[in-house]
Amino acid sequence: LRVLNMSDLTPDLLQWLVVDDKVSSKWKHFAHHLGLGEYISNIDRKEWRRRGVGESDKLESLMSMWKEKKPDTFTIERLLTILALEGMTDMWLWMKLMTEDRGHQSSDSPTPW
């Protein structure tokens, strides 16, 4: 069992991420940045079978896979790095704002500017 710490991604943060169309449309880019590119076709195939499935569902599946396959990197810092690399300034700022009030210091995360 892992102890939850301030850098862990929480369900509320993941929900904000998944419902954002700009972010969810880049789920394949996220997969590559996370070293999970080999699972893209599995996610595509699995989610395609369900009715009304969109990119947000695929991103949600990817986030679950990330947590399962690479729990040590399932952190706010890693997410902020990927958001910066993808130029997603608005979501980067939102995540930064949402995590600062938890006493989280993420000076290691690059800024998107």
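Modeller: Let us fix one term: two residues touch, or are in contact, when heavy atoms of theirs lie within 4.5 Å. The model here is predicted.

Biologist: Which residues does Glu86 touch, leaving out those up to four places away in sequence?

Modeller: Lys26, His29 and His33. Each of these has heavy atoms within 4.5 Å of Glu86.

Biologist: Where is Glu86 found?

Modeller: In the loop between H6 and H7.

Biologist: Does Glu86 count as buried or exposed, and why?

Modeller: The cut-off for buried is under 20% relative accessible area. Glu86 has 17% relative accessibility, so Glu86 counts as buried.

Biologist: How many residues of the protein count as buried, as a percentage?

Modeller: 41% of its 113 residues. The protein exposes about 6800 Å², and carbon and sulfur atoms supply 53% of that area.

Biologist: What elements does the protein have?

Modeller: There are 7 helices and 0 strands. From the N terminus on, the order is α-α-α-α-α-α-α.

Biologist: What makes a set of residues a nonpolar core?

Modeller: The members must be buried, belong to a list of nonpolar types, and be joined through side-chain atoms within 4.5 Å. The largest such core here has 30 residues. Leu17, Phe30, Leu62, Met63 and Leu83 touch the most other members.

Biologist: Which elements give two or more residues to this core?

Modeller: Helices H1 (11–19), H3 (27–33), H4 (40–48), H5 (55–69), H6 (76–85) and H7 (89–100). H6 gives the most, with 6 residues.

Biologist: What does Leu83 touch, beyond residues up to four places away in sequence?

Modeller: Leu17, Val23, Phe30, Met88, Met91, Trp92 and Met95. As a general point, nonpolar side chains tend to be buried together in soluble globular proteins.

Biologist: Why is H1 called roughly parallel or roughly antiparallel to H7?

Modeller: H1 and H7 pack at an angle of about 165°, with their axes 11 Å apart. Angles over 145 degrees count as roughly antiparallel. H1 is therefore roughly antiparallel to H7.

Biologist: Which residues make that contact?

Modeller: H1 supplies Leu13, Trp16 and Leu17. H7 supplies Met91, Trp94, Met95, Met98 and Thr99.

Biologist: Is the crossing of H1 and H7 left-handed or right-handed?

Modeller: Right-handed.

Biologist: What percentage of contacts join residues at least 24 apart in sequence?

Modeller: 67%, among contacts between residues at least 6 apart in sequence.

Key. Residues numbered from 1 in each chain as written. Predicted model: local features only at pLDDT ≥ 70, side-chain atom pairs only at ≥ 80, totals over all residues. Heavy atoms only, no water. Helix = DSSP H or I, 4+ residues; strand = E, 2+ residues; numbered from the N terminus. Buried < 20%, exposed > 50% of the residue type's maximum accessible area, 1.4 Å probe, protein only. Areas by Shrake-Rupley, 256 points an atom, 1.4 Å probe, with all protein chains shown as cover. Axes fitted to C-alpha atoms, helices over the stretch in contact; angles between N-to-C directions. Parallel < 35°, antiparallel > 145°, perpendicular 65-115°, else oblique. Left-handed = near helix turned anticlockwise from the far one by under 90°.
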